[in-house]
Amino acid sequence: MSTEETSRFVRLRVELVVEIDDEGAVTSAALERIADDPEMPAEEQAHAESAVTEDTAEALAYLVDPFDLVSEVPGVELVQASWSSERIDYDPDSPEWDLDEDDVVEDEEEVAAG
């Protein structure tokens, strides 16, 4: 049997590129979320506050929650998640940023294997 037929687990890969036009708003929202987290120990909170203040990409990572992506999907429970953020050079006209590129390679591999 194939993995598709036997496993109930699915790896969902999502890649987003966002443009931040108000760094202060992102940082403020991240600091507020950190301050409102009752389960975060004080030492970790201090580290998180420093990280989001120094780097807007870190602030964004504190605001994006993979659970929010699937929490309303019926029949789905988030088992594990990881995510990160980083500043990038982005040129929407560059072939490097063709989002369908990976799909084409996978489709070609399936045809070659089939």
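Reader: Why are α2 and α3 called roughly antiparallel to each other?

Author: This is a predicted model, and the angle comes from its helix axes. The axes of α2 and α3 cross at roughly 175°. Angles over 145 degrees count as roughly antiparallel. Therefore α2 and α3 are roughly antiparallel to each other. Their axes come within 9 Å.

Reader: How do you know that α2 and α3 meet, and which residues are involved?

Author: Contact means heavy atoms within 4.5 Å. On the α2 side, Thr27, Ala30, Leu31, Ile34 and Ala35 take part. On the α3 side, the partners are Gln45, Ala48, Glu49, Val52 and Thr53. By class, the residues of this contact divide into 6 nonpolar, 3 polar and 1 charged.

Reader: What makes α2 and α4 oblique to each other?

Author: The axes of α2 and α4 (residues 56-63) cross at roughly 50°. Under 35 degrees would be roughly parallel, and 65 to 115 roughly perpendicular. The value of 50° falls in neither range, so α2 and α4 are oblique to each other. The crossing of α2 past α4 is left-handed.

Reader: Which residues of α2 and α4 meet?

Author: From α2 come Glu23, Val26, Thr27, Ala29, Ala30, Arg33 and Ile34. From α4 come Thr56, Ala59, Leu60, Tyr62 and Leu63. The classes in the contact of α2 with α4 are 8 nonpolar, 2 polar and 2 charged.

Reader: The axes of α3 and α4 cross at roughly 125°. Why is this pair called oblique?

Author: Roughly perpendicular covers 65 to 115 degrees, and roughly antiparallel needs over 145. The angle of 125° fits neither, so α3 and α4 are oblique to each other. Their axes come within 5 Å. Ala48, Ala51, Val52 and Glu54 in α3 meet Thr56, Glu58, Ala59 and Tyr62 in α4. That contact holds 5 nonpolar, 1 polar and 2 charged residues.

Reader: What makes a set of residues the largest nonpolar core here?

Author: Its members must be buried residues of certain nonpolar kinds, joined through side-chain atoms within 4.5 Å. The largest such set has 7 residues. They are Val26, Ala30, Ile34, Met40, Ala48, Val52 and Ala59. Both α2 (23-35) and α3 (42-54) give two or more residues to this core. The most come from α2, with 3 residues.

Reader: Which residues does Val52 contact, beyond its neighbours within four places in sequence?

Author: The contacts of Val52 are Thr27, Ala30, Leu31, Ile34, Glu58, Ala59 and Tyr62.

Reader: Is Thr27 buried or exposed, and how do you know?

Author: Thr27 lies in helix α2. Its relative accessibility is 14%. Buried means under 20%. Therefore Thr27 counts as buried. Setting aside residues up to four places away in sequence, Thr27 touches Val52, Thr53, Thr56 and Ala59.

Reader: Why does Ser50 count as partly exposed?

Author: Ser50 has its place in helix α3. Its relative accessibility is 33%. Buried needs under 20%, exposed needs over 50%, and partly exposed lies in between. At 33%, Ser50 therefore counts as partly exposed. Ser50 and Leu31 are 19 residues apart along the chain, and their C-alpha atoms are separated by 9.3 Å.

Reader: What makes Leu16 exposed?

Author: Leu16 has a relative accessible area of 65%. Exposed means over 50%, so Leu16 is exposed. Leu16 lies in the loop between α1 (3-6) and α2. Leu16 and Ser85 are 69 residues apart in sequence, with a C-alpha to C-alpha distance of 9.5 Å.

Reader: How do you know that Pro66 is buried?

Author: The relative accessible area of Pro66 is 15%. The limit for buried is under 20%, so Pro66 is buried. Pro66 has its place in helix α5 (residues 66-70). Leaving aside neighbours within four places in sequence, its contacts are Leu78, Ala81 and Trp83. Pro66 and Leu78 are 12 residues apart in sequence, and 8.3 Å apart in space from C-alpha to C-alpha.

Reader: How many helices and strands does the protein chain have?

Author: The protein chain has 6 helices and 0 strands. From the N terminus on, its elements run α-α-α-α-α-α.

Reader: What share of the residues of the protein chain counts as buried?

Author: Of its 114 residues, 14% count as buried. Among contacts between residues at least 6 apart in sequence, 52% join residues at least 24 apart.

Technical notes. Residues numbered from 1 in each chain as written. Predicted model: local features only at pLDDT ≥ 70, side-chain atom pairs only at ≥ 80, totals over all residues. Heavy atoms only, no water. Buried < 20%, exposed > 50% of the residue type's maximum accessible area, 1.4 Å probe, protein only. Helix = DSSP H or I, 4+ residues; strand = E, 2+ residues; numbered from the N terminus. Axes fitted to C-alpha atoms, helices over the stretch in contact; angles between N-to-C directions. Left-handed = near helix turned anticlockwise from the far one by under 90°. Nonpolar A, V, L, I, M, F, W, Y, C, P; charged D, E, K, R; others polar.
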